[in-house]
Amino acid sequence: MRVRSASRWLVAAGAALAVIGAARAASAQCVDEELKQELVGGRHYRGVQERLFTKAFRHELSAMGGVYAADLYSSSWLAGGAYTFHFSEDLGLEASVQLWNVHSDVTDSYERRYPQIQVLNNTNQLGKLYFGHLVWSFAYGKLRWLGGGITHFDLNAAFGAGVTDDGTSRGATASAGLGSKLYFGSWFAIRLDVRDHVLREVLVGDQHLVNDVLVTLGASVFFPFGG
């Protein structure tokens, strides 16, 4: 009788342990499913999150200033403005007008040595740049500041052409460069651009193929304001 009672007790204990194990397995599976749903839901949310700053079908007005580093002339200040229409988030057409101070320390020395020869009509005349560019925004990102705020930015490449008027000649000019914009709110941005101009210039009767580098910092306003 004692043997039968012990065997029944062992059978009952085994059944209880089996039930407990099944319950634990079911609970673990439920927890795993809940975690999986949370992770999948989180990835889905990040994937469809809208950009806080949109550019498509908006107009951009920019004011810029910087440095004009010319091959044949001395480096000088540069100032101007640009209008850009963004027909998608990645592509835009930009038209710009900029002024720079046409000055050359070399020609000043030459004219002092040979006063009977005047190379430039005015040693501090204004040069003019008229350009059009296709602007391609190829990368987007976010910056987190020390206070915890987040600023969106993009990196862009510009390709275009225009006319350089330096007071002595007007030459067709090819242009290419890189830039970046930091976006604040829904209608304001800070922009930084570096562009290289390739053209032929005439100085002291000789033609020269030159690379002029422009570095500008500016601010942009987007219309309509609401984005």
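The residues that line the largest cavity of this predicted model divide into three nonpolar, five polar and four charged. The lining is made up of Met64, Glu94, Ser96, Gln98, Phe131, His133, Arg191, Asp193, Arg195, His197, Leu214 and Thr216, and the volume that they surround comes to about 110 Å³. With a threshold of 30 Å³ or more, the count of cavities in the model is one. As to the elements that contribute to this lining, strands β3, β4, β7 and β8 each supply at least two residues, and the largest share, four residues, is that of β7, a strand that spans residues 188-203.

Two of the strands that contribute to the lining, β3 and β4, are also paired with each other. Strand β3, which covers residues 91-102, and strand β4, which covers residues 125-144, are joined in the antiparallel sense by twelve bridges. Within this pairing, Leu91 has Trp136 of β4 as the residue standing opposite. Strand β4 is in addition joined to strand β5, formed by residues 150-165, through 16 bridges, and these two strands likewise run antiparallel. Here Leu143 is placed opposite Thr151, a residue of β5. The hairpin that β4 and β5 form has five residues between the strands, and in this hairpin Gly148 adopts a positive phi near 100 degrees.

Two further features of the backbone concern residues outside these strands. Most residues other than glycine have a negative phi, and most peptide bonds are trans. Against this background, Phe57 has a positive phi, near 60 degrees, although the residue is not a glycine. Phe57 is situated in the loop that connects helix α1, residues 2-48, with strand β1, residues 58-69. With a relative accessible area of 60%, Phe57 is classed as exposed, because the cut-off for that class is an area over 50%.

The second feature is a peptide bond, that from Phe223 to Pro224, which is in the cis form with omega near -10 degrees. Pro224 belongs to the segment that follows β8, the strand of residues 206-223, and β8 is also one of the strands that supply at least two residues to the lining of the largest cavity.

Conventions
Residues numbered from 1 in each chain as written. Predicted model: local features only at pLDDT ≥ 70, side-chain atom pairs only at ≥ 80, totals over all residues. Heavy atoms only, no water. Pairing = 2+ DSSP bridges. Buried < 20%, exposed > 50% of the residue type's maximum accessible area, 1.4 Å probe, protein only. 1 Å grid on protein atoms, 1.4 Å probe; cavity = no way out; pocket = protein on both sides within 12 Å on 5 of 7 lines; lining within 4 Å. Points joined across faces, edges and corners; volume = space filled by probe spheres on them. Nonpolar A, V, L, I, M, F, W, Y, C, P; charged D, E, K, R; others polar.
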